[in-house]
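Thanks for coming. I will go through the sheet and then the charged pairs, and I will keep it short.

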Amino acid sequence: MNILVTGGAGYIGSHAALRLIEDGHAVTVVDDLSRGNSGAIDALRKVGPLSFTQGDFGDRALMESLLR
């Protein structure tokens, strides 16, 4: 399953993304890194495939493009 995780560089989002990757899902993370940690994204990429986009969840055009 393809799953979009918003705030995936934060504590809760990165742990949710980790579990989803470990369960075999295709994970896309969107985070503006204002409070998240880019190191969390690096760690997730070591576990499995991950698509990361730095951006704001409130950016409608960005979210529409990711959801297509």
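Let me begin in the middle of the fold, with β2 and β3: these two strands are parallel and are paired over five bridges. To give one pair from that ladder, Val 30 has Thr 53 in β3 as its bridge partner. Between the two strands the chain goes from β2 through α2 to β3, in a right-handed β-α-β crossover. Please keep in mind throughout that this is a predicted model.

Now the other neighbour of β2. Strand β2 covers residues 26-31, and five bridges connect it with β1, again with the strands running parallel. Two pairs can serve as markers here. Leu 4 has Thr 28 in β2 as its bridge partner, and Asn 2 is placed opposite Ala 26 of β2. The connection here is helix α1, residues 11-22: the chain leaves β1, passes through α1 and arrives at β2, and this β-α-β crossover is right-handed.

Put together, that gives an open sheet of three strands, ordered β1-β2-β3, with parallel pairing. Why do β1 and β3 each have one side without a neighbour in the sheet? Both β1, residues 2-6, and β3, residues 50-54, are at the edges with a single partner strand each, so one side of each stays unpaired within the sheet. As for twist, neighbouring strands are turned against each other by 20° on average, with direction ignored. Helix α2, residues 38-47, packs on this sheet, where it touches β2 and β3. The direction of α2 makes about 160° with that of β3.

On to the charged side chains. As general background, side chains of opposite charge can pair when their charged atoms come close. How many salt bridges does a search of the whole structure find? The search finds three.

One of them is between Arg 19 and Asp 23, with the closest N and O atoms 3.1 Å apart. Arg 19 has a relative accessible area of 53% and is exposed; the cut-off for that class is over 50%. Asp 23, at 45%, counts as partly exposed.

Next, Arg 60 and Glu 64, whose side chains form a salt bridge at 2.9 Å, N to O. These two residues are both in helix α3, residues 60-67, and are four residues apart, which is about one turn of the helix. Arg 60 is exposed at 64% relative accessibility, whereas Glu 64 is partly exposed, its relative accessible area being 34%.

Glu 64 has another partner, Arg 68, and in that salt bridge the closest N and O atoms are 3.9 Å apart. The cut-off used for a salt bridge is within 4 Å. Arg 68 is exposed, with 75% relative accessibility. Which residues are joined into one network by salt bridges that share partners? They are Arg 60, Glu 64 and Arg 68.

To recap, we have an open parallel sheet in the order β1-β2-β3, with α2 packed on it against β2 and β3, and three salt bridges in the whole structure. That is what I had; I can take questions now.

Terms used. Residues are numbered from 1 along each chain as its sequence is written. This is a predicted model: local features need pLDDT of at least 70, side-chain atom pairs count only at pLDDT 80 or more; totals for chains, interfaces and linings use all residues. Side-chain values use heavy atoms; hydrogens and water are left out. Two strands pair if DSSP finds at least two bridges between them. Axes are lines fitted to C-alpha atoms, for helices over the stretch in contact, and angles run from 0 to 180 degrees between N-to-C directions. Contact means heavy atoms within 4.5 Å. Buried means under 20% relative accessible area, exposed over 50%, partly exposed in between (1.4 Å probe, protein chains only). A crossover is right-handed if, with the strands pointing away from the viewer, the path from the first strand over the helix to the second runs clockwise.
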